[in-house]
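Biologist: This structure is new to me, and I should like to go through it step by step. Please explain each term when it comes up.

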Amino acid sequence: MNTTIKTVKQLAHYAAEKYQSKDFCRFFRDNEMVKKSFDTFYNDSLAVCRYIRSVTKEKIHIGFIGKTSYEYIACLTGMIFSGNVVVPFAPEITVEEACELFDDADIEMLFCEEEFEEKAKEIKKSYSGLKQIVSLGDWRWFERIFDVYSSDSFYAYLSDITEKPDECSLIIYTSGTTGERKGVMLSNHNLASNSCYEAYSMDNDDISFSILPMHHVFCYACDVLKTLFDGGTLCLNGDLVRLYINILKFQPTIMRIVPSICKSMLTKIKIAERNHPELSKREAAELVVGKNFRRMIAGSAFLSGTLIDEFEKYGITARQGYGMSECSPRISTSDFSDVCKYSNGKLLGTDEVRVCDGEIQVKGPSVMLGYYKKPERTREAFTEDGFLHTGDLGYIDGEHIYLVGRKKNLIILSNGENISPEEIENCFIDDGIVKEIVVFAEGDRIIAEIFPDMLLAQSLGIDDVYGEVSNIVDRVNIRLNSDRQIHTFRLRETPFARTSTGKIKRTEFYY
């Protein structure tokens, strides 16, 4: 771990000095590939910092609504440089939700892209604390800011500020699987320490393909900040519908991904293989992901061993890491060796991680300052000796960590037996007909509620979906101990409600 880098600004400066004119970021605009170097990104972020400090020299909380782009990450990084507290929100946030969270986060200024300007005005009507809206227009607005507030301008002195590594610089709202959303306070030191580690480093010639939204700390820290430290090149996909177009244009070597997209990608590769029997498995995969693609890192949800093994047949190494917003976000990182390929990753080595009564607990520089304006929730989140309760059940074997499930979801039977519903749910992860599943208990009976993939069933000529699902449940039950077997299942007609990060909201199944 590089302990000399304490802030995001120091990290970006380190990258600009070390990698200079090398490509940091690539993206498409008007069908042309645009390239931005490491030193350009640092200077552009400084320009945004100066602009913000020319508007307000007092430390305030700034909301930010926008879609992933080069300008978005330069703006977010510049906001962090400025010494203010940044609170990014999802582009699809509703006016009602925004007013509630803006009030909770004490937002005084809002930066938003042009297409969200009308929504911002509606928010301002209902939330009196919002004093100023800055409409960013399109990318040309940023080009003017990058120029007018450059290092050669009158405003250059505005970026010379005393950095305070341990003060809050970023608030990320949790996804609220239990109904309560909490503002996770992260410092510059949290973010920097979680990116400046050596447990896994990109090669200098690695080209990373970013497809996840940057308002989540997982994407910003793992794609942007880690790339700054390692010196690879980051390619921005933009709209998800262009994923398979842009992956062939960028020809990346690696990407961070969620398991649902992993499954979609594998399906497309198998279709390409079926349509081109004359090609090898690797050649078929290259029709979908390009000639250089070799590695993928999964987060957010369970990545099955079956998927890992299937991708391996096509020359693609899939691994998973583990983390949470409260840890900035990584607790472990993907290990591309074969030593523990079914683990949840290799511990970073930057924080102390232990398992106490089955729960994973973390202490160290990556761990959050607390929950904003929620001192009681913050106290509950930590042990008496300062370890963060992750709420995750698991175990550590050497340098690798393995997850079992969530403590709050644990089913406790009358005989004292503890059952993790996720362990049962993960048995269905590779059965395509079972699109979504939640396991819970009614008394001492294990119940499953299942949302089937009706389109897939139709394409496979399955008329009796209930009967097919019943057969799948029977096959899984045979592999489970009697107290973990599903007693009854119910089919749903609609998908489960999900959080902004795609996690199923389980509150309706727990009383």
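Modeller: Let us begin with a pair of strands.

Biologist: In which sense, parallel or antiparallel, do β24 and strand β25 (residues 445-452) pair?

Modeller: This is a predicted model, in which local features need pLDDT of at least 70 and side-chain atom pairs count only at pLDDT 80 or more, whereas totals for chains, interfaces and linings use all residues. Residues are numbered from 1 along each chain as its sequence is written, and side-chain values use heavy atoms, with hydrogens and water left out. Strands (E, at least two residues) and helices (H or I, at least four) are DSSP runs numbered from the N terminus, and two strands pair if DSSP finds at least two bridges between them. Eight bridges connect β24 with β25, and their sense is antiparallel.

Biologist: Which residue in β25 stands opposite Glu442?

Modeller: Glu442 falls within β24, which spans 434-442. Its counterpart in β25 is Arg445.

Biologist: Which are the edge strands of the open sheet with the order β24-β25-β26?

Modeller: This open sheet has three strands, and its pairing is mixed. An edge strand pairs on one side only, which holds for β24 (434-442) and β26 (488-491). From one strand to the next the twist averages 25°. The edge strands are thus named: β24 and β26.

Biologist: At what angle does helix α16 run to β26?

Modeller: Helix α16 (residues 465-479) lies across β24, β25 and β26. Axes are lines fitted to C-alpha atoms, for helices over the stretch in contact (heavy atoms within 4.5 Å). Angles run from 0 to 180 degrees between N-to-C directions. The angle of α16 to β26 is about 145°.

Biologist: Which are the edge strands of the sheet of seven strands?

Modeller: This open sheet has the order β2-β1-β10-β9-β11-β12-β13, with mixed pairing. Its neighbouring strands are turned against each other by 25° on average, direction ignored. Pairing on one side only marks two strands, β2 (32-37) and β13 (317-320).

Biologist: Which residue in β10 is the bridge partner of Arg26?

Modeller: Strand β1 (residues 23-29) and strand β10 (residues 233-236) pair in the parallel sense, over two bridges. The partner of Arg26 in β10 is Cys235.

Biologist: How are α9 and α11 oriented to each other?

Modeller: Helix α9 (residues 243-250) packs against helix α11 (residues 281-289) with the axes 7 Å apart and an angle of about 110°. Angles of 65 to 115 degrees count as roughly perpendicular. The two helices, α9 and α11, are therefore roughly perpendicular.

Biologist: How many residues of the contact of α9 with α11 are nonpolar?

Modeller: From α9, Tyr244, Ile247 and Leu248 meet Glu286, Leu287, Val288 and Val289 in α11. One residue of this contact is charged (Asp, Glu, Lys or Arg) and no residue is polar. Those that are nonpolar (Ala, Val, Leu, Ile, Met, Phe, Trp, Tyr, Cys or Pro) number six.

Biologist: To which residue does a cis peptide bond join Ser328?

Modeller: Omega of this bond is about 0°. The partner lies in the loop between β14 (322-323) and β15 (330-333). Ser328 is joined to Pro329.

Biologist: What is the phi of Asp106?

Modeller: Asp106 belongs to the loop between α4 (95-105) and β5 (109-112). Although Asp106 is not a glycine, its phi is positive, about 60°.

How values were computed
Angles under 35 degrees count as roughly parallel, over 145 as roughly antiparallel, 65 to 115 as roughly perpendicular and the rest as oblique.
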